[in-house]
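Student: Could you take me closely through one part of this model, the place where a helix of one chain packs against a helix of the other, and set it in its surroundings?

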Amino acid sequence: MDGWLGVIIMIGLGVGFASVMIGASLLLGPKNPTPEKLAPYECGMPAVGDARERQSVKFYLVAMIFLLFDIEVAFLYPWAVAFRDLGWTGFVQIISFFLILSVGYIYVWRKGVLDWGSGTRRVRPAAPRQAA
Amino acid sequence: MDLRFLVQLGIIGLTFFMLINASAVLVLAERKIMGFMQQRYGPYLVGPHGTLQPFADILKLLFKEELRPKGSDKWLFNLAPLLSVVAAFAAFSTVPWGAETTFFGLLDEPVALGVADLNVGVLVIFAITSMGVYGIVLAGWASNSKYSLLGGLRASAQMISYELSYATALAAVILLAGSLSLRDVVDAQQGTWLGFIPHWYVFLQPIGFLIYVIAGVAETNRAPFDFPEAEQELVAGYNTEYSSVRFALFPQAEYINMATMSAVATDLYLGGWHGPFLPPEYGWIWFLAKVGVLLFTYIWVRWTVPRYRYDQLMSFGWKWLFPASVVNLLVTAALVLYFNA
């Protein structure tokens, strides 16, 4: 099929399939909820507190650097398609592009954003306290 | 409505049907192969040699109670499995799986075997597979369960980290073929070198292929990178709170994503439907065989390699795979220019 119609039909089929399956199980399945069944699973113990608490800042850092580098990847694709027309000029340009990018990459690496465990993080030793 | 349009609709329907079947067959294959690798038979009772086990599973799940934990977000909790499975189906829509054919003279003009032929096929696949992560993250967040939330967070961090190397490895293939359309990339791999080595990009891009496969395993959350559902740590990760069919849709999406990943690898690196011995009309047999081999490797890896540690996963993705894919891309670019000039 030419064009986007096939993609749209496929999405429609997917939505239809998933809705029919969920709908069928809602019709066919039993319904007798008890407070125990409706509690979030926590190894069989009564759940403590709410799940939506503060999360490690690492996840946000990864999301941020991903955005930056993914934009770079988005630049790569038009370059790769037009590569043969651009020739060595385009090659030099993409090398300089990557050099600029690698400055940020090295900075992020040195700052320890890419290290996940607490043991391997680069921590600056605290200045020795002056004896009073 | 002319005949050609009806045939194209039939091809779409067939692709959709085969994707549903693929998820069922993969469930069975995984359990069978796991069984044989652990010196036992796997499912054996339902149907001859257990071949009807997936049907039994889905029937059982249809008759189970749908539970939604207290404090969960009603709409997002229902939307999450739907979103994952729709993204999985839609991602396959720009993957061509056979050469153009007239069905033995039935049609005047040949039709292409595949759902949609877009000139930006690779980008569409990226866009839609990235939507799949929303399903997992929403499932984790909406459940209001600590295990689910951790699974969802891990999944998102892992998928976005490996997306970079994945996309950069593919850029090298796009560079060789000079087109974003998967059909053009496949047709650029026709022919042989020296008469017997097939003109496949895996021979030009061995490192790129390796990076693609590793990142693909991580993108589909399969072992050894199955952190979102690491059952020893997180019970079942993002789908801890799901039951019944809503639970079944997540593994189904995962298996369809595996099939998509293998099909894209076949199209981009393994020459798609081109192969010796068979006429082009039967090229889809080659395509299925190659996809089958890749899927078997997926399952093989799962039951061979133990799971990584999470910090190892992240540092491997960012510190090794991503630089390696960038270097691979730049070296490829230089070599293409050098030999073309």
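Tutor: The crossing of H3(A) and H5(B) is left-handed, a term used when the near helix is turned anticlockwise from the far one by less than a right angle, right-handed being the clockwise case. This is a predicted model, in which local features need pLDDT of at least 70 and side-chain atom pairs count only at pLDDT 80 or more, while totals for chains, interfaces and linings use all residues. Residues are numbered from 1 along each chain as its sequence is written, and chains are lettered from A and ligands numbered from 1 in the order in which they are written.

Helix H3 of chain A spans residues 57-81 and helix H5 of chain B residues 146-177, and the two pack at an angle of about 15° with their axes 10 Å apart; helices here are DSSP runs of H or I with at least four residues, strands are runs of E with at least two, and both are numbered from the N terminus. The axes are lines fitted to C-alpha atoms, for helices over the stretch in contact, with angles running from 0 to 180 degrees between N-to-C directions. At that angle H3(A) is roughly parallel to H5(B), since angles under 35 degrees count as roughly parallel, over 145 as roughly antiparallel, 65 to 115 as roughly perpendicular and the rest as oblique.

On the H3(A) side the contact includes Phe59(A), Phe66(A), Phe69(A), Asp70(A) and Tyr77(A), and on the H5(B) side it includes Leu153(B), Ile160(B), Glu163(B), Leu164(B) and Thr168(B), contact meaning that C-beta atoms, placed from the backbone, lie within 7 Å. By class, this contact of H3(A) with H5(B) has 18 nonpolar, two polar and two charged residues, where Ala, Val, Leu, Ile, Met, Phe, Trp, Tyr, Cys and Pro count as nonpolar, Asp, Glu, Lys and Arg as charged, and the others, Gly among them, as polar.

The chain-to-chain contact as a whole takes 54 residues from chain A and 64 residues from chain B. On the side of chain A that touches chain B, H1 (5-28), H2 (35-38), H3 and H4 (83-110) each supply at least two residues, and the largest share, 15 residues, comes from H1(A). The residues of that side divide into 38 nonpolar, seven polar and nine charged. As for the chain that carries H3(A), chain A has four helices and zero strands.

Methods: Contact = placed C-beta atoms within 7 Å.
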